[in-house]
Amino acid sequence: MSEHVWCHGPHCHTQDTQDRIRGVKGSKVLRTRKVAQNQWNSGDRISMYSYFCSQGCYNDFANTHIERVIAIAPRTEALETPIEVTKEQRTDWSGNSYYQTEINRVDNNGG
Ligand SMILES: [Zn+2]
């Protein structure tokens with residue numbers, strides 16, 4: 001009694017893999033994969049792997065429906081992360097000095 005959903009990849013049923021073959025001789029088909037719902041992809045761990053059998057099927061879905069996917073949360077302005085940039089002088093293994101750029105987040109909420 002395992003719970004599952006069908007993979008939402010629009011082309012999942014067109015991939016030539018043995019595990020997708022169903023039916024009897026003379027009427028065989030390639031069938032959409034089942035995605036088992038388990039402790040790794042359900043509840044608090046819900047993710048793309050709750051609905052897609054593979055990264056490829058996820059990409060196919062996103063590419064097919066990209067306009068609607070973007071409409072869920074359109075980005076109309078750039079986001080910014082406050083940082084401080086410092087250059088630290090260091091010495092490499094052969095004794096030559098060089099500058100290492102360090103990027104540190106600035107905590108705006110900490111006061
Ligand atoms: Zn799939």
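Where does Asn41 lie? In this predicted model, Asn41 belongs to the loop that runs between strand S4 (34-36) and helix H1 (55-64). The close-ups below start there and then move on to other parts of the chain.

**View 1. Asn41 is a buried loop residue whose side chain reaches backbone atoms of Ala36 and Asn38.** With a relative accessible area of 6%, Asn41 falls under the 20% limit and is therefore classed as buried. Look for two polar contacts made by the Asn41 side chain: one goes to the backbone oxygen of Ala36 at 2.9 Å, and the other goes to the backbone nitrogen of Asn38 at 2.8 Å. If you set aside neighbours within four places in sequence, the residues in contact with Asn41 are Val35, Ala36, Ile46, Ser47, Tyr49 and Ser50.

**View 2. Ser42 sits in the loop between S4 and H1 and is partly exposed.** The relative accessible area of Ser42 is 29%. A polar atom of the Ser42 side chain lies 2.5 Å from the backbone oxygen of Asn38. Asn38 may be familiar from the previous view, where its backbone nitrogen is reached by the side chain of Asn41. Not counting residues up to four places away in sequence, Ser42 touches Gln37 and Ser50. Ser50 is also among the contacts of Asn41.

**View 3. Six residues make up the largest nonpolar core.** Its members are Cys7, Cys12, Val35, Met48, Phe52 and Cys57. For a closer look, follow Cys7: leaving out residues up to four places away in sequence, Cys7 touches Cys12, Thr32, Arg33, Val35, Tyr51, Phe52, Cys53 and Cys57. Val35, a member of this core, is also one of the residues in contact with Asn41. As background, nonpolar side chains in soluble globular proteins tend to be buried together.

**View 4. Asp19 and Arg33 pair in a salt bridge.** Their side chains meet at 2.7 Å, N to O. The two partners come from distant parts of the chain, 14 residues apart: Asp19 is in the loop between strand S1 (4-6) and strand S2 (21-22), while Arg33 is in the loop between strand S3 (29-30) and S4. Asp19 is partly exposed, with a relative accessible area of 39%, and Arg33 is partly exposed too, at 24%. Arg33 also appears in the list of residues touched by Cys7.

**View 5. Glu88, Arg90 and Glu102 are linked in a network of salt bridges.** Arg90 meets Glu88 at 3.2 Å, N to O, and Arg90 meets Glu102 at 2.7 Å, N to O. Because Arg90 lies in strand S5 (residues 83-91) and Glu102 in strand S6 (residues 97-105), this pair ties together parts that are 12 residues apart in sequence. Arg90 has a relative accessible area of 32% and is partly exposed; Glu88, at 36%, is partly exposed as well. The full count for the model comes to three salt bridges.

**View 6. Ile66, Val69, Ile70 and Ile72 form a nonpolar patch on the surface.** Together, these residues have about 360 Å² of accessible area. Val69 lies in helix H2 (residues 66-72). How buried or exposed is Val69? Its relative accessible area is 34%, so Val69 counts as partly exposed.

Methods
Residues numbered from 1 in each chain as written. Predicted model: local features only at pLDDT ≥ 70, side-chain atom pairs only at ≥ 80, totals over all residues. Heavy atoms only, no water. Helix = DSSP H or I, 4+ residues; strand = E, 2+ residues; numbered from the N terminus. Buried < 20%, exposed > 50% of the residue type's maximum accessible area, 1.4 Å probe, protein only. Polar contact = N/O pair within 3.5 Å; in protein donor to acceptor, adjacent residues only side chain to side chain. Contact = heavy atoms within 4.5 Å. Patch = residues over 30% accessible without salt bridge, like charges linked within 9 Å, V, L, I, M, F, W, Y side chains within 5 Å. Areas by Shrake-Rupley, 256 points an atom, 1.4 Å probe, with all protein chains shown as cover. Salt bridge = Lys/Arg side-chain N within 4 Å of Asp/Glu carboxyl O. Core = buried A, V, L, I, M, F, W, Y, C linked by side-chain atoms within 4.5 Å.
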